[in-house]
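Let's take a relaxed walk through a protein model. Have a look at the picture first, then read on.

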Amino acid sequence: MARQAQLIQRLPPVSVIVATLVLATMLVLVIFAPMIAPMDPRDVSSYSLMDAEIPPAFTDGGDPRFLLGTDNQGRDLVSVILFGLRISVLIGIGAVLFAAVMGVLLGLIAGFFGGRVDSIVMRIADVLVSFPTILVALLISGIAKAQLDTDTVLTWAPAILVFAIAINEWVQYARTVRASSMVEVSRDYVRAAKVIGLPSRRIMIRHILPNVISAVMVIATINLAGAILTEATLSFLGAGMPPTYPSLGTLIRIGNEFLFSGLWWIAVMPATVLVILVLAVNVIGDYLRDRFNPKLMAR
C-alpha cells in the first residue's frame, strides 16, 4: 500500500496531463498546418472578399464552411489561426533554443574559468538584465527595419524576431549554469579530470553540462511561454511579424481594429488560442520546476 501511495504521488496532477495533451495537440497542428488548414492564407487567390466578415458557424448568420468565421479579407480564421500558431510557436522555440545555447555556453565558461572571464560575462549580463525584454526587442526590431530594405525585412522577419527576443533572455540561463558550474568545479571528479590533463572543453561538455542540464530544461519550458507572449506583443505593436506572416499577435492586432464594430471573432479567436497555448506551457513549466526542485524532491 505504501508503495502504491508513493507511485500515486509521483504521477502528475490532472491539470498537467490536460496541459500536456493540449500542448501536444497544438504541436501536431503546428507541424501539419499546411495539410490540415482548409485554405492557404498566404495565397491571395484562395480567398474572396465576398466571404469577408462572416461570423463563426455556431452563431447567427454563420456559414458551415467557416467554423470560426472569416476576417475582413475573407480568409478562413481556422486556416489563419493554424498558420499563425505555427509561426508563433516556431519563433518561440527558436528564441528559447538560441537563448539557451548562448546562456549555457557563457555560463559554463564563466563558472569554469572564473576570475576576469566571469566578471566580464556577468557584467554584460547585468547590463542586459537592466533593460526590459520588450524594450530591447523593440529597439533591435526598429534598427533592423531602419537599416534593411523592405524585401530583406520581410524575408528575415522571423530570424530578426528570434534574435531580438533571445538576446535578453540568455542571462537567466547563464546565471543558473554559472552557479551550478562553480559548485561542480570544486568537486573531486572535476579536479581529477584536470589532473589527468583532460581539455577544458571536454570537462565542461562531458562532465559538468550533464549535471546542470535539468535546470536548463525547466527554465526553457517556462521561458517558452514568455517568448511566445513577447512575439505576440511585438506583432501586436506592429514591430514584429508583418501582415503577410499571420502570427497570433498580428491577427489580434488586425482584429482589434474591428473589435468594437461587432466583428469580435476576428480578435477573440486568435487571442483565445494564444491564452490556451501560454497557459498549457506555464502549467507544464510550473510542474517541472516543482518536480526538479531539490528541496521538494527530498521530502
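What follows covers confidence, two helix packings and a pair of rings.

## How far to trust it

This is a predicted model, where local features need pLDDT of at least 70, side-chain atom pairs count only at pLDDT 80 or more, and totals for chains, interfaces and linings use all residues. Residues are numbered from 1 along each chain as its sequence is written, and side-chain values use heavy atoms, with hydrogens and water left out.

pLDDT is the predictor's confidence in each residue, from 0 to 100. For the protein chain the mean is 83, with 94% of residues at 70 or more. Helices here are DSSP runs (H or I, at least four residues), numbered from the N terminus. Helix H4 (residues 77-113) has the highest confidence, a mean of 90, while helix H1 (residues 2-10) has the lowest, at 46. Over residues 1-9 pLDDT stays under 50, and the model has zero contacts (heavy atoms within 4.5 Å) there beyond four places in sequence. Where pLDDT is low, don't read the predicted coordinates in detail.

## H10 against H12

Helix H10 (residues 200-236) and helix H12 (residues 265-291) have axes that come within 7 Å and cross at roughly 160°. Axes are lines fitted to C-alpha atoms, for helices over the stretch in contact, and angles run from 0 to 180 degrees between N-to-C directions. That makes H10 roughly antiparallel to H12 (angles over 145 degrees).

H10 passes H12 in a left-handed crossing (the near helix is turned anticlockwise from the far one by less than a right angle; clockwise would be right-handed). Residues that meet include Val218 and Ile222 in H10, and Leu274 and Val281 in H12. By class, this contact of H10 with H12 has 13 nonpolar, three polar and one charged residues. Ala, Val, Leu, Ile, Met, Phe, Trp, Tyr, Cys and Pro count as nonpolar, Asp, Glu, Lys and Arg as charged, and the others, Gly among them, as polar.

## H10 against H11

H10 also packs with helix H11 (residues 248-256), at about 40° with axes 7 Å apart. H10 and H11 are therefore oblique to each other (neither under 35, nor 65 to 115, nor over 145 degrees). The crossing of H10 with H11 is right-handed.

Ala232, Ser235 and Phe236 in H10 meet Gly249, Thr250, Ile252, Arg253 and Asn256 in H11. Sorted by class, the contact of H10 with H11 has three nonpolar, four polar and one charged residues.

## Rings that pair up

Rings of Phe, Tyr and Trp (its six-membered ring) pair if their centres lie within 6.5 Å; planes under 30 degrees apart count as stacked, over 60 as edge-to-face and the rest as tilted. The count comes to three aromatic pairs. Phe98 and Phe163 have ring centres 6.1 Å apart and planes at 75°, so the pair is edge-to-face. Phe98 lies in helix H4 and Phe163 in helix H7 (residues 150-166), so this pair ties together parts that are 65 residues apart in sequence.

Conventions
Helix = DSSP H or I, 4+ residues; strand = E, 2+ residues; numbered from the N terminus.
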